[in-house]
Amino acid sequence: MTEDSMVGKVVVVTGGTAGIGRMTARELARRGAAVVVVGRDRDRGGDTVQELNALGGTGCGAFVRADLSVMAEVRRLAETVAAEWPRVDVLINNAGAMFGTRQRTADGIEATFALNHLSYFLLTHLMLPTLKEVPGSRIVNVASDAHFGVRLDFDDLESARRYSGYRAYKRSKLCNLYFTYELARRLDGSGPVVNALHPGFVATEIGVRNRWVPRPLWRLFTLFAISEEDGARTPVHLAASAEVAGVSGQYFSKCRPVRSSAVSQDEDAARRLWGISAGMTGVGV
Ligand SMILES: NC(=O)c1ccc[n+]([C@@H]2O[C@H](COP(=O)([O-])OP(=O)(O)OC[C@H]3O[C@@H](n4cnc5c(N)ncnc54)[C@H](OP(=O)(O)O)[C@@H]3O)[C@@H](O)[C@H]2O)c1
């Protein structure tokens, strides 16, 4: 099978400085893309850019610092991208985290909901005008099979009552699916395609970065996990493959469309979440 080239394409990868995002950025740059990676840590950002620029070929990297759990920083990121990269072919919403204890962002929003869902919602909306200008553009939302087994509590979307880090995470990944499906319905074949994915259980640092579990326990769990390179396969497939050029509103795992949970197919819930997210971010109304 021939490899899909990314020469001449611009890709934005949130959370592109570590884990699955970094490997996704590296593979897309290796195929020739100019990749804009987003994260909070300047050192990790600098190292990633060096790595991408050292790959040779036409691929290259740039870093934009932003804390995507803060809505003003998402807006600033979108402004920077619009000013410096007037053409963007692919947006990969990948930055995500698990929080061991309930935390609130500078906006006063529960951190998992803010970062894992609202940042996808807001950044996508702010970048839609640019993406719509580019024929064949794509939006890729990194979700998770962790969405199975939960439903949203619309009376407590920010887990104020009884916090469980894992449940908040699982619900945020269900939000990724509601957002993907509802956006695909609203775009209805005009503008970019939008798909979500499960990367597999991947041996990254996500479980320990925000003290979700102690490191020795995470090490034990991840003995059964796949490598970061393998975790990047499905996001790369959705960003680059000609096979999925016209596919929208689907959930993928192992580079194939799969069925997400029955709960995630609930269109009323998706519309309701959209309305709430629009109210909280001021876009998508
Ligand atoms: N690992 C898995 O098994 C697995 C399974 C299913 C789905 N996923 C999903 O895959 C995605 C990536 O996860 P991962 O395992 O690769 O995680 P990771 O190794 O912890 O990497 C997370 C990336 O996101 C960035 N990030 C974290 N908080 C941020 C913030 N507030 N603002 C901006 N960037 C931020 C990090 O950079 P900085 O820390 O420098 O900001 C880093 O680049 C997530 O959406 C996750 O839900 C992972």
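Here a biologist and a modeller talk through one predicted model, question by question.

Biologist: Before we start, what kind of model is this, and from which number do residues count along each chain?

Modeller: This is a predicted model, where local features need pLDDT of at least 70, side-chain atom pairs count only at pLDDT 80 or more, and totals for chains, interfaces and linings use all residues. Along each chain, as its sequence is written, residues are numbered from 1.

Biologist: Let's begin with the sheet: in which order do its eight strands lie?

Modeller: Helices (H or I, at least four residues) and strands (E, at least two) are DSSP runs, numbered from the N terminus. Two strands pair if DSSP finds at least two bridges between them. The edge strands, each pairing on one side only, are strand 3 (60–65) and strand 8 (256–258). The sheet is open with mixed pairing, and its order is 3-2-1-4-5-6-7-8.

Biologist: By how many degrees are neighbouring strands of this sheet turned against each other on average?

Modeller: Axes are lines fitted to C-alpha atoms, for helices over the stretch in contact, and angles run from 0 to 180 degrees between N-to-C directions. For this average, though, direction is ignored. The value for neighbouring strands is 25°.

Biologist: Which residue is the bridge partner of V12 in strand 4?

Modeller: Strand 1 (residues 10–14) and strand 4 (residues 90–93) pair in the parallel sense, over three bridges. In strand 4, the partner of V12 is L91.

Biologist: What angle does the direction of helix 1 make with that of strand 1?

Modeller: Two residues are in contact if their C-beta atoms, placed from the backbone, lie within 7 Å. Helix 1 packs on the sheet and touches strand 1, strand 2 (34–39), strand 3, strand 4 and strand 5. Its direction makes an angle with that of strand 1 of about 170°.

Biologist: Is strand 6 largely enclosed or open, and how many of its six residues are buried?

Modeller: A residue is buried if 20 or more other C-beta atoms lie within 10 Å of its own, exposed if 12 or fewer, and partly exposed in between, with C-beta atoms placed from the backbone. In a regular strand the side chains alternate between the two faces of the sheet. Here V193, N195 and L197 on one side and V194, A196 and H198 on the other are all buried. Strand 6 (residues 193–198) is therefore largely enclosed by the rest of the structure, and its buried residues number six of the six.

Biologist: Which residue in strand 6 does I139 stand opposite?

Modeller: Strand 5 (residues 138–142) and strand 6 run parallel, joined by five bridges. Opposite I139 stands V194.

Biologist: Which residues of helix 9 are buried?

Modeller: Helix 9 (residues 233–240) packs on the sheet, and its direction makes about 165° with that of strand 5. Six of its eight residues are buried, leaving the helix mostly covered. Those buried residues pack against strand 1, helix 1, strand 4, strand 5, strand 6 and strand 7. They are T234, P235, V236, L238, A239 and A240.

Biologist: Is helix 5 roughly parallel or roughly perpendicular to helix 10?

Modeller: Helix 5 (residues 165–187) and helix 10 (residues 267–281) pack at about 95°, with their axes 9 Å apart. Angles under 35 degrees count as roughly parallel, over 145 as roughly antiparallel, 65 to 115 as roughly perpendicular and the rest as oblique. Helix 5 is therefore, relative to helix 10, roughly perpendicular.

Biologist: Which element gives the largest share of the shell around the ligand?

Modeller: A residue is near a molecule or strand if its C-beta atom, placed from the backbone, lies within 6 Å of it. In this model 29 residues surround the ligand, and G15, G19, R40, G96 and T204 are the closest. The elements that give two or more residues are helix 1 (19–30) and helix 6 (206–209). The largest share, three residues, comes from helix 1.

Biologist: Is S144 buried or exposed?

Modeller: S144 sits in the loop between strand 5 and helix 5. Leaving out residues up to four places away in sequence, S144 touches K173 and H198. With 23 other C-beta atoms within 10 Å, S144 is buried.

Biologist: And D188, is that residue buried or exposed?

Modeller: D188 lies in the loop between helix 5 and strand 6. Its phi is near 45°, a positive value in a residue other than glycine. Having 9 C-beta neighbours inside 10 Å, D188 counts as exposed.
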